[in-house]
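The report below accompanies a structure and takes its parts in turn, beginning with a helix and the residue that follows it. Please keep the structure in view while reading.

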Amino acid sequence: MQDAFYHTPVLVDEALSLLITGRDGVYVDATLGGGGHAEAILSLLSPSGQVIGFDADEDAIRFAAQRLQPFGDRATCIRNNFRNLQGVLVERGVPPVSGVLFDLGISSFQLDEPSKGFSFRTDEQLDMRMDRSGAIDAQEIVNRYGERELAELFWKFGEERASRRIARAIIRRRDHHRIATTGDLATLVQESVGERFLNKSLARIFQALRIEVNNELESLQAGLNQAVDVLHPGGRIVVIAYHSLEDRIVKDMFKRAAATSLPSGHKLVPDTILQPTLKIITKKPLEASGKETRANPRARSAKLRAAEKLT
Ligand SMILES: C[S@@+](CC[C@H](N)C(=O)[O-])C[C@H]1O[C@@H](n2cnc3c(N)ncnc32)[C@H](O)[C@@H]1O
């Protein structure tokens with residue numbers, strides 16, 4: 001795996017210019033992946049600047065640790081979910097940090113690696129766990145959840161219009177045949193929606209399962225809240241999201257933390273004055289340039305938001 005292509009990082013210059021406020025600081029990369037962003041951060045920092053990286057996937061940690069070896073003890077790679085970010089930093093005695101970067105979702109390596117079971121483009125064992133010690137994989141979900149639960153899942157996390165039809169097809173099929181591979185599932189989706197919008201439906205169904213397996217939206221909410229807590233005043237949080245559910249969570253969280261008042265909803269009752277904890281830096285999310293999306297199609301859906309800790 002060492003020399004293999006891993007992942008092309010997205011919006012690197014934009015992320016770094018918003019994240020780095022001082023070259024001596026400690027920065028957290030909450031989603032190390034192949035270590036592309038982390039390496040770029042370390043290259044910009046002074047010899048006393050550090051990066052502490054997290055990833056739930058042990059392959060990512062192994063790969064990133066090797067890539068960041070030239071930086072010695074200025075790079076720390078931790079296999080853990082970023083939902084535990086604050087506890088891990090406190091346990092290690094890390095003082096308030098200068099920045100936290102989240103580059104969400106899965107890496108190209110995870111998508112392309114057959115043993116991870118994420119891709120509908122090849123036929124592989126359905127799995128989708130970033131963390132292999134996770135209790136439930138995608139195979140369990142499609143073979144165990146009830147019809148209603150599946151339909152709700154495909155609708156809520158995939159915004160798939162044919163969610164009920166696909167859920168029904170899964171239940172019918174699994175009566176006599178366990179759905180074991182990404183190919184089994186892709187065939188069922190194809191039979192349910194036809195050819196015309198097949199790729200979009202496949203992407204939505206696979207996205208929904210991935211979110212459920214890895215509890216992604218809850219982890220994101222927890223990780224964002226903790227990131228704000230571990231920053232020192234003036235520190236930055238930068239998030240790159242790849243689909244609207246993630247981006248909405250980031251946008252809403254920033255908005256709540258930056259609010260200066262809570263409307264009472266009644267003209268005779270004064271609004272509640274709030275002490276904001278964040279200042280939003282990106283009024284609108286940044287997107288990748290045409291040049292970047294041509295070179296790296298994965299950048300097409302990326303939306304970057306940044307905010308600064310106030311107090
Ligand atoms: C898009 S990749 C990051 C790529 C990285 N920025 C780079 O330059 O190579 C996302 C990574 O985040 C990890 N990840 C996603 N959600 C996570 C979570 N809740 N906790 C820890 N790691 C997570 C995935 O395992 C994956 O390796």
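Just after helix 9, glycine 194 takes a positive phi of about 80°. The structure is a predicted model, in which local features need pLDDT of at least 70 and side-chain atom pairs count only at pLDDT 80 or more, while totals for chains, interfaces and linings use all residues. Residues are numbered from 1 along each chain as its sequence is written. Helices (H or I, at least four residues) and strands (E, at least two) are DSSP runs, numbered from the N terminus.

Helix 9 itself covers residues 182-193, and its 12 residues reach 16 Å from the first C-alpha to the last, which is close to the 16 Å expected at 1.5 Å a residue; the expected span is 1.5 Å times one less than the number of residues. Which residues of helix 9 are buried? They are Thr182, Leu185, Ala186, Leu188, Val189, Ser192 and Val193, where a residue is called buried if 20 or more other C-beta atoms lie within 10 Å of its own, exposed if 12 or fewer, and partly exposed in between, with C-beta atoms placed from the backbone. Seen down the axis of helix 9, these buried residues fall within an arc of 160°, so they line one face of the helix; the arc is that of the directions from the helix axis to the C-beta atoms. An α-helix has 3.6 residues a turn, so residues three or four places apart point the same way. The cover over the buried residues of helix 9 includes helix 6 (138-144), helix 8 (163-174) and helix 10 (198-214), and two residues are in contact if their C-beta atoms, placed from the backbone, lie within 7 Å.

Four single residues can be set side by side.

| Residue | Place | C-beta atoms within 10 Å |
|---|---|---|
| Isoleucine 240 | strand 5 (residues 231-241) | 28, buried |
| Leucine 11 | segment before helix 1 (12-19) | 22, buried |
| Glutamate 159 | loop between helix 7 (147-158) and helix 8 | 14, partly exposed |
| Valine 269 | loop between strand 6 (261-262) and strand 7 (272-273) | 9, exposed |

Leaving aside neighbours within four places in sequence, isoleucine 240 is in contact with several residues, among them Val10, Leu11, Phe102 and Leu304. Isoleucine 240 and leucine 304 are 64 residues apart in sequence, yet their C-alpha atoms are 4.3 Å apart in space. Valine 269 and glycine 99, which are 170 residues apart along the chain, have C-alpha atoms separated by 39 Å.

Most residues other than glycine have a negative phi. Leucine 11, although not a glycine, has a positive phi of about 50°, and glutamate 159, also not a glycine, has a positive phi of about 50°.

On the scale of the whole chain, the domain assignment gives domain 1 (12-109 + 216-309) and domain 2 (117-214), with bounds that come from an automatic or database domain assignment. The centres of domain 1 and domain 2, taken over C-alpha atoms, are separated by 29 Å. The contact takes nine residues from domain 1 and eight residues from domain 2.

Finally, 22 residues surround the ligand, and the closest are Pro9, Thr31, Gly33, Gly34 and Gly36; a residue is near a molecule if its C-beta atom, placed from the backbone, lies within 6 Å of it. Helix 2 (36-44) and strand 2 (50-55) each supply at least two residues of this shell.
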